[in-house]
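Here is a friendly walk through one protein model, written for someone who likes to check geometry by hand. Please keep the coordinates open while you read.

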Amino acid sequence: RRLLNGQPIDSQQPLPYTAHISLHYQPAATFEVIEDGQTLTLISAAATLGEGLWQVGQAVQPGDYLSADLSAALLSGLEVEIRRARPITIETQAGTLSARTSATTVGTALAEAGVALQGLDYSLPAEDQPLPADGKIRVVRVSEVVSLQQTTLPFESSYAPDPNLELDARSVMTPGQYGVKVSRVRVRFEDGQEVDRQTEAEWTATQPVNQVLGYGTQVVVKSAETPDGVIEYYRSVQMY
């Protein structure tokens with residue numbers, strides 16, 4: 001570059017007739033750009049790397065990766081790497097997102113797009129895999145819910161004689177009580193849909209109490225009027 005009094009000039013134009021002339025000569029810098037495994041040797045007299053890349057038609061676009069800062073001074077022997085961004089499509093439960101990235105792995109691309117995986121979330125392809133050729137990535141949001149579920153345990157019934165109860169009468173000597181069994185269940189949801197349910201543990205919170213029914217054994221003599229006179233009895237039974 002050639003500067004006249006600080007301003008760029010055409011070297012073919014005549015110098016102005018003035019009392020003071022300041023000429024400044026800036027030699028071009030030779031630098032190398034590595035892109036897609038190929039090395040390009042470029043020449044520019046720009047003051048910064050960003051300006052130099054723009055002058056030689058290698059401008060950095062949004063999403064591109066550059067190994068050096070664009071504002072770095074452009075010096076001979078400088079070597080930089082450019083990794084061009086490519087379009088990707090990220091499919092999530094909330095919708096589809098389009099972005100551009102120069103990342104080499106799925107996880108880095110998701111982080112750059114603001115769709116980082118959290119907790120049990122996973123992606124297809126996996127986050128440690130290279131970007132797919134078609135640029136399509138699916139993010140699956142995963143959540144788990146642990147709940148306690150109760151079920152009743154039945155009780156059994158038995159009979160026992162009750163000497164204080166009249167013959168053929170029935171009573172509840174010990175009331176039965178249901179027991180309670182508790183299960184800890186883990187339910188897995190992917191994108192809001194249940195995909196798995198597992199019982200992790202079971203225990204009996206309350207043991208059932210068996211019921212005891214009493215039957216009377218006490219004989220009580222009664223009397224009754226019949227056409228044949230008064231009779232005494234201690235048990236009456238209906239029959240055909």
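The report below covers strands, charged side chains and a few backbone details.

## A predicted model

One thing to bear in mind from the start is that this is a predicted model.

## Strands and their partners

Let us begin with the open sheet, which has 3 strands in the order S2-S1-S3 and antiparallel pairing. Strand S2 (7-8) and strand S3 (23-25) stand at the edges with a single partner strand each, so one side of each has no neighbour in the sheet. Between strand S1 (residues 2-4) and S3 there are 3 bridges, in the antiparallel sense. If you want a residue pair to look up, Leu4 has Leu23 of S3 as its bridge partner.

Strand S8 (86-92) is a good next stop. How many bridges pair S8 with strand S9 (residues 95-101)? There are 7 bridges, and the two strands run in the antiparallel sense. S8 and S9 make a hairpin, with 2 residues between them. Within this pairing, Arg86 is matched with Thr101 in S9.

S8 also pairs with strand S11 (residues 136-140), this time in parallel, through 3 bridges. Here Thr89 has Lys136 of S11 as its bridge partner. As a general point, strands of a sheet pair through backbone hydrogen bonds, and the pairing can be parallel or antiparallel.

## Salt bridges

Turning to the charged side chains, the structure holds 13 salt bridges. The table gives some of them.

| Pair | N to O distance |
|---|---|
| Asp64 and Arg84 | 2.8 Å |
| Glu194 and Arg197 | 3.0 Å |
| Arg188 and Glu190 | 3.3 Å |

The salt bridge between Asp64 and Arg84 rewards a second look. Asp64 lies in the loop between helix H1 (49-55) and strand S6 (65-66), while Arg84 lies in the loop between strand S7 (79-83) and strand S8 (86-92), so the pair ties together parts that are 20 residues apart in sequence. Are these two side chains buried or exposed? Asp64 is buried at a relative accessible area of 13%, and Arg84 is partly exposed at 23%.

In the pair of Glu194 and Arg197, Glu194 is partly exposed, with a relative accessible area of 41%. Arg197 is also partly exposed, at 45%.

Arg188, which forms a salt bridge with Glu190, is partly exposed with a relative accessible area of 21%. Both residues belong to a network of salt bridges that links Glu144, Arg184, Arg186, Arg188, Glu190 and Glu200.

## A buried acid without a salt bridge

Asp162 tells another story. You will find Asp162 in strand S13 (residues 157-166). What is the nearest side chain of opposite charge to Asp162, and how far away is it? That side chain is Arg170, at 9.9 Å. The cut-off for a salt bridge is 4 Å between nitrogen and carboxyl oxygen. Asp162 is buried yet has no salt bridge.

Which residues, then, are in contact with Asp162? Leaving aside neighbours within four places in sequence, the contacts of Asp162 are Ser171, Gly214, Tyr215, Gly216 and Thr217.

## Aromatic rings

The structure holds 1 aromatic pair. There is also a charge placed over a ring: Arg83 lies over the face of Tyr65, at 4.2 Å from the ring centre.

## Backbone details

If you plan to scan the torsions, three places deserve a look. The peptide bond that joins Leu124 and Pro125 is cis, with omega at about 0°. Pro125 sits in the loop between strand S10 (122-124) and S11.

Asp168 is a residue other than glycine with a positive phi, near 75°. Asp168 lies in the loop between S13 and strand S14 (170-174), and is partly exposed with a relative accessible area of 44%.

Asp191 likewise has a positive phi, near 55°, in a residue other than glycine. The loop that holds Asp191 runs between strand S15 (179-190) and strand S16 (193-206). Is Asp191 buried or exposed? Asp191 is buried, with a relative accessible area of 18%, and the cut-off for that label is under 20%.

Definitions and conventions:
Residues numbered from 1 in each chain as written. Predicted model: local features only at pLDDT ≥ 70, side-chain atom pairs only at ≥ 80, totals over all residues. Heavy atoms only, no water. Helix = DSSP H or I, 4+ residues; strand = E, 2+ residues; numbered from the N terminus. Buried < 20%, exposed > 50% of the residue type's maximum accessible area, 1.4 Å probe, protein only. Lys, Arg positive; Asp, Glu negative; His and termini not counted. Contact = heavy atoms within 4.5 Å. Pairing = 2+ DSSP bridges. Phe/Tyr/Trp six-rings, centres within 6.5 Å; stacked < 30°, edge-to-face > 60°. Lys NZ or Arg CZ within 6 Å of the ring centre and 35° of its normal.
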